[in-house]
Amino acid sequence: MSTNAIDVDVLRETGAGLETEEMTLNMGPQHPSTHGVLRFVVKADGEVMRRAIPDIGYLHRSIEKIAEKVGYHGFMPYTDRVDYVSAMQCNQGWAMACEKLAGIEVPRRGEYCRVIACEFGRLASHLLSVGATGMDIGAVTPFTHAIREREYINDILEELCGARLTFNYMRIGGCAWDIPPGFVKRAFAYLDRFEPLIDEYNELISFNKIYVERLANVAPVSPQQAIAWNLVGPNLRGSGVRYDVRKDVPYSAYPEFEFDVPVGTGERGTLGDSYDRYMVRMREMKESCKILRQALAGLPAGPVVAKVARTFRPPAGHVYVRVEASRGDMGWFVVSDGTAFPARVHIRTGSFAAMAAIEEMSKGLMIADLVAVIATLDIVAPEVDR
Amino acid sequence: MDAVEIHRRLRERFGSAVSADLQAADWSTCAVEGQSIAAVCALLRDDPELGFDCLSNLSAVDCKKDDTIEVYYHLLSYRHRHQIVLRAATPRPDPILPTVTHLWPIADWLEREAFDLMGVRFTGHPDLRRILMPEDWVGHPLRKDFVEPDEYHGISTRRESLLKL
């Protein structure tokens with residue numbers, strides 16, 4: 001025992017044999033908590049990451065190249081696959097870009113149908129996000145609660161358009177189908193059920209001490225950093241920047257509805273930490289319910305789709321349309337050369353920017369916190385790669 | 001600040017390197033000479049009244065007809081809530097533009113994407129390598145004249161028509 005003590009003392013003085021080597025760890029592409037196929041190369045010093053380098057492209061399906069081959073109408077089902085967790089807003093982004101190029105006005109009922117579809121889509125997407133956040137950091141039960149509700153919302157969307165995941169609901173000029181009989185009543189009934197469940201979910205997990213400890217103060221992002229990294233949507237608002245495309249660049253029927261834009265305040269730790277990003281999503285679900293109630297109550301009469309030529313040839317030009325998707329400001333850049341096929345389509349998604357930010361955000365974090373960062377940034381891998 | 005005023009200020013400083021481009025259907029666009037793009041962006045970001053603190057998007061477009069590649073920069077200002085598009089053309093056989101990664105960190109990945117899919121080289125970029133395609137891929141797939149290779153590492157990209165089976 002005494003010799004050991006001497007050895008330790010000697011080591012302490014010289015430091016010999018105590019330095020640790022930097023480890024290079026591979027995480028993914030098939031890792032259960034990376035929400036799709038993506039890979040990180042982690043440079044770690046023990047449990048602490050020096051940096052985590054994202055390696056993307058495993059889900060690159062060249063959707064942008066496909067757009068140049070299939071034409072404007074034909075591209076609509078492909079937009080579902082850009083972000084298949086909340087496909088409605090992708091539909092809307094593409095439809096709005098085409099409408100802006102050709103100067104088409106969408107009937108008011110069509111806009112309302114779009115808002116209803118998109119906000120149910122946002123609920124479904126945020127439910128998956130907050131549920132998966134719990135599961136990634138070790139709380140499995142809340143995920144089942146979130147998925148149960150997501151299934152009900154999928155039922156509602158199925159009633160609207162016949163599909164549960166890749167909807168293909170919108171068309172250039174409006175929506176494919178009108179709202180079915182009895183839908184409004186059932187949607188209201190579901191909202192009556194769902195709204196109290198948000199509070200229940202909060203009590204179940206959001207204010208749980210272990211949960212808060214795992215998320216608070218983890219990877220805080222300052223407002224300046226969030227803007228420079230082009231973080232968008234709930235990630236940007238989690239850092240306290242009150243910016244929502246639905247409010248600040250109003251589109252569709254959103255100016256007609258009253259809703260708040262929740263932002264992070266650093267309520268349990270630092271401003272812009274993982275907990276703030278998580279809570280912004282919880283609060284946004286309440287706001288979506290508010291919008292849904294107003295839209296369902298004030299549904300105007302009339303057609304849902306404008307008359308659009310079957311061979312769609314918009315005039316030459318370029319547009320950059322932004323919609324507030326579930327993962328934030330989604331930019332659709334479309335170049336037309338006057339033919340029936342777009343010359344170029346580029347989709348700038350929220351997850352792409354969030355992935356790019358991870359390398360900086362991960363410096364000095366514990367390895368176990370990397371999954372919390374991925375989960376609260378709400379990264380959906382197909383949206384990164386397109 | 002509206003686009004006309006932003007354009008006037010850029011003209012004042014850079015002269016004929018910047019010109020208004022009215023073919024846009026949506027955001028107002030300025031055409032900028034390729035070599036000046038980094039300097040124009042620096043002014044747009046650092047002038048407190050312009051204050052473009054966010055590069056929202058960067059897209060490369062293959063204009064085979066004109067034998068150029070055009071790169072579009074969509075800039076946003078969260079501070080002043082205004083926006084502008086810059087368009088820089090560069091020759092198609094050898095597309096080179098100065099990088100803007102030192103101004104907006106997001107440009108790192110956006111420029112890598114433009115390099116990977118369209119072959120635009122950004123001088124001064126710290127780590128310009130492929131991002132979506134495999135590292136050993138040949139060619140830039142979003143070019144209009146890109147031909148898909150018949151095989152990749154012995155994996156065929158062709159298959160027989162169902163009718164011929």
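**Exercise 1. Describe the secondary structure and dimensions of chain B**.

Solution. Step 1: chain B contains three helices and nine strands, where helices (H or I, at least four residues) and strands (E, at least two) are DSSP runs numbered from the N terminus. This is a predicted model, in which local features need pLDDT of at least 70, side-chain atom pairs count only at pLDDT 80 or more, and totals for chains, interfaces and linings use all residues. Residues are numbered from 1 along each chain as its sequence is written, while chains are lettered from A and ligands numbered from 1 in the order in which they are written.

Step 2: read from the N terminus, the order of elements in chain B is α-β-β-α-β-β-β-β-α-β-β-β.

Step 3: the C-alpha trace of chain B extends over about 65 × 30 × 30 Å along its principal axes.

**Exercise 2. State what share of chain B is buried**.

Solution. A residue is buried if 20 or more other C-beta atoms, placed from the backbone, lie within 10 Å of its own. By this criterion, 37% of the 165 residues of chain B are buried.

**Exercise 3. Determine how many residues each chain gives to the contact between chains A and B, and which element of chain A gives the most**.

Solution. Step 1: two residues are in contact if their C-beta atoms, placed from the backbone, lie within 7 Å. Chain A supplies 31 residues and chain B supplies 27 residues.

Step 2: the elements of chain A that give two or more residues to this side include α2 (63-74), α4 (87-102) and β7 (328-336). The most comes from β6(A), with five residues.

**Exercise 4. Explain why strand β1 of chain A lies largely in the open, and place this strand in its sheet**.

Solution. Step 1: strand β1 of chain A comprises five residues, 23-27, and the number buried is zero, so the strand lies largely in the open.

Step 2: β1(A) runs antiparallel to strand β2 (residues 39-45) of chain A, and five bridges join them; two strands pair if DSSP finds at least two bridges between them. Within this pair, Met27(A) stands opposite Phe40(A) of β2(A).

Step 3: the open sheet has three strands in the order β1-β2-β3 (chain A), with antiparallel pairing. Strands β1 and β3 (48-55) of chain A are at the edges with a single partner strand each, so one side of each has no neighbour in the sheet.

Terms used: A residue is buried if 20 or more other C-beta atoms lie within 10 Å of its own, exposed if 12 or fewer, and partly exposed in between; C-beta atoms are placed from the backbone.
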